Amino acid sequence: MNFKIKTGNLFKLKSECMVVGIYKKSEREKDVELTASAARINEASSEQIYQIVARGDIDGSIGSTLLLYDIRGISAKRVMVVGLGVQKETSVQFFRKAVMAAVRSLVDRNLASADMAILDDVLDEDRASYARQIAEATHQTTYRYWETKSGDKPAMPLIQIGVVVDRKHRDATQKGIDRGLAIANALTYTKTLANLPGNICTPTYLAGRARELTKSHGLKVSVLDEKDMEKLKMGSLLSVSRGSVEPAKLIIMEYRGAGKNKNPVALIGKGLTFDAGGISIKPASAMDEMKYDMCGGASVFGAMIAASEMNLPLNIVGIVPSSENLPDGAANKPGDIVTSMLGKTIEILNTDAEGRLILCDAMTYAKRYKPEVVVDIATLTGACIIALGHHASGLFSNSDELANELLVAGEAVDDRAWRMPVWESYTKQLKSNFADLANIGGRSAGAVTAACFLQEFAKEFSWAHLDVAGTAWSSGSPKGATGRPVPLLVEFLIRRSEAAREAEKS
Ligand code: BES
Ligand code: MN
Ligand code: ZN
């Protein structure tokens, strides 16, 4: 999608379709209010807009749309009115919904281009983030997966969106659009990678895709194979891949946007390319969705891509431990005990709790980068879906500061997380009679005990864990990767780089 900022006169713009917003007066009243742009067109057309809207075909509720023709006094061929909800209650979330509805309606009508004049009432400090949502939400509505279908991907009719703003807001809007585009690219990459099936997207395939990022995005990429991991004594990670013919890979991607002496942010993503559960095999129903068990890893790819496209002044190391989890003669058996890279022994009471087994060794490996903070992202537990559903990602952390940074970032971009505890009393559920730690903590608080397991490997750094089991993909007829939590991660990185810049100034 092509975005073009337009600062010309609203009336004179030769547009296929001019999109303007209206508000709902209040939740109770039926009345609507016009935004500044809608009011200007209304005036130019001698109140035509108001007369049509007043007939009651659109009430201004978020995402309602109405297409109007033959509006007098302006050059646009059509006007699309889109409901922005109650003005006082406006938020990034609502705005995003409205943009998605408008774009869907434009696409349904096969329009090739449109102009959006929906940023006029936005506060100055919010301008860039709302503009960013125009690009992001447009992506969200127009993304199509086609990689494993035959024939040509159907062309997207909509190819250009103009963003109409006052001249004085050009720079802030451009900044927001540029960021939105970088995030849209990252989301496309992450979703497509995640949607690929397990027979194509193997650990070796992921490693190959990472290597491509050297050329395309200037990342430094290295891949450890099983021999390298044996030398490092990653007994926990290697025990998972032993049950599969696909060799495990530990993928490391480095982005350098800051000086050599600046410690990196480490992002660790679970890259389990197919999780059958191993010997503790999963039930057959919906098992295909376990191809999505690499969504955490895919989000790390996306965050690295966005950071490099935005030239963020940060150092970031992305680590993706990747393996399959299958039943086989050499697979882990319940009761097996393995030794992690950190030296802790682990009793594997359930081979389906494999994510933590590959993540813990990746976390120990991350120490060599002396990270400022470590954030892992994993489709770790079904229990997290029971706790939070598909709305929020579970957030667990040993640092209040880091937890708040992530919560605030998610809130700002409508990719929310919710904090859960990692208290010592939960960690006790992981006691084993035969090893330092068991890999499961019983039926209760499954998402928490999984996080507590990881926390045992995070004693030397600030760490946070995002359980994205409920948020990384949708099931049912809209089955597909969502790209979450790429928006949260990128916002977190942006805010960190802005804070670093501020600190440098003072
Ligand atoms: N990848 C799964 C978690 C998962 C399950 C995510 C369903 C999304 C949907 C993970 O490896 C797993 O199997 N976890 C087990 C842990 C249990 C054995 C303690 C689970 O959640 O059932
Ligand atoms: Mn599993
Ligand atoms: Zn898994």
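The lining of the second largest pocket makes a good first stop: by class, it holds eleven nonpolar, twelve polar and nine charged residues. Keep in mind on this tour that you are looking at a predicted model.

**Stop 1: the second largest pocket**

Select Lys282, Asp352, Thr381, Gly382 and Ala383 to start. Of the 32 residues that line this second largest pocket, these five lie nearest its centre. The space in the pocket comes to about 820 Å³.

Now switch to a cartoon view and colour three helices: α10 (355–366), α11 (382–388) and α14 (446–455). Each of them supplies at least two residues of the lining. Which helix gives the most to the lining of this pocket? That is α11, with three residues.

**Stop 2: the manganese ion**

Keep Asp352 selected and add Asp275, Glu354 and the manganese ion (ligand 2). The protein donors of this ion are an OD atom of Asp275, both the O and an OD atom of Asp352, and an OE atom of Glu354, lying 2.0 to 2.2 Å from the metal. Along the chain, the donors of the manganese ion follow the spacing D-x76-D-x1-E.

Why is the arrangement around the manganese ion irregular? The six donor atoms subtend angles of 70 to 168° there, and an octahedral site would need every angle between donors that are not opposite to lie between 65 and 115 degrees, with opposite donors over 155 degrees apart.

**Stop 3: the zinc ion**

Next, select the zinc ion (ligand 3) together with Lys270, Asp275, Asp293 and Glu354. The donors here are Lys270 (NZ), Asp275 (OD), Asp293 (OD) and Glu354 (OE), lying 2.0 to 2.4 Å from the zinc ion. With six donor atoms and angles of 79 to 177° among them, the zinc site is octahedral. For orientation, ideal angles for six octahedral donors are 90 or 180 degrees. The donors of the zinc ion are spaced K-x4-D-x17-D-x60-E along the chain.

How far apart are the zinc ion and the manganese ion? Draw a distance line between the two: they are 3.1 Å apart, and Asp275 coordinates both. Asp275 sits in strand β11 (residues 271–275), while Glu354 is in the loop between β14 (345–348) and α10, so this pair, 79 residues apart, links distant parts of the chain.

Are Asp275 and Glu354 buried or exposed? Asp275 is buried because its relative accessible area is 3%, under the 20% cut-off. Glu354, at 1% relative accessibility, counts as buried too.

**Stop 4: the largest cavity**

Stay with Glu354, which is also one of the residues lining the largest cavity. Others to add to the selection include Ser239, Val240, Asn325, Thr351 and Leu357. This cavity has a volume of about 60 Å³, and its lining has five nonpolar, five polar and one charged residues.

**Stop 5: the largest pocket**

Finally, select Arg96, Gln140, Ser474, Thr482 and Arg484. They lie nearest the centre of the largest pocket, which is lined by 33 residues and has a volume of about 1,000 Å³.

Colour domain 1 (2–163) and domain 2 (183–501) separately, and you can see that the lining draws at least three residues from each. Among the elements that supply at least two lining residues are α4 (127–142), α5 (170–195) and β20 (473–474). The largest share, five residues, comes from α3. By class, the lining divides into eleven nonpolar, twelve polar and ten charged residues.

Definitions and conventions: Residues numbered from 1 in each chain as written. Chains lettered and ligands numbered in written order. Predicted model: local features only at pLDDT ≥ 70, side-chain atom pairs only at ≥ 80, totals over all residues. Heavy atoms only, no water. 1 Å grid on protein atoms, 1.4 Å probe; cavity = no way out; pocket = protein on both sides within 12 Å on 5 of 7 lines; lining within 4 Å. Points joined across faces, edges and corners; volume = space filled by probe spheres on them. Helix = DSSP H or I, 4+ residues; strand = E, 2+ residues; numbered from the N terminus. Nonpolar A, V, L, I, M, F, W, Y, C, P; charged D, E, K, R; others polar. Domains from an automatic or database assignment. Donors = N, O, S within 2.8 Å, 3.2 Å for Na, K, Ca; no water. Tetrahedral: all angles 85-135°; square planar, octahedral: opposite > 155°, others 65-115°. Buried < 20%, exposed > 50% of the residue type's maximum accessible area, 1.4 Å probe, protein only.
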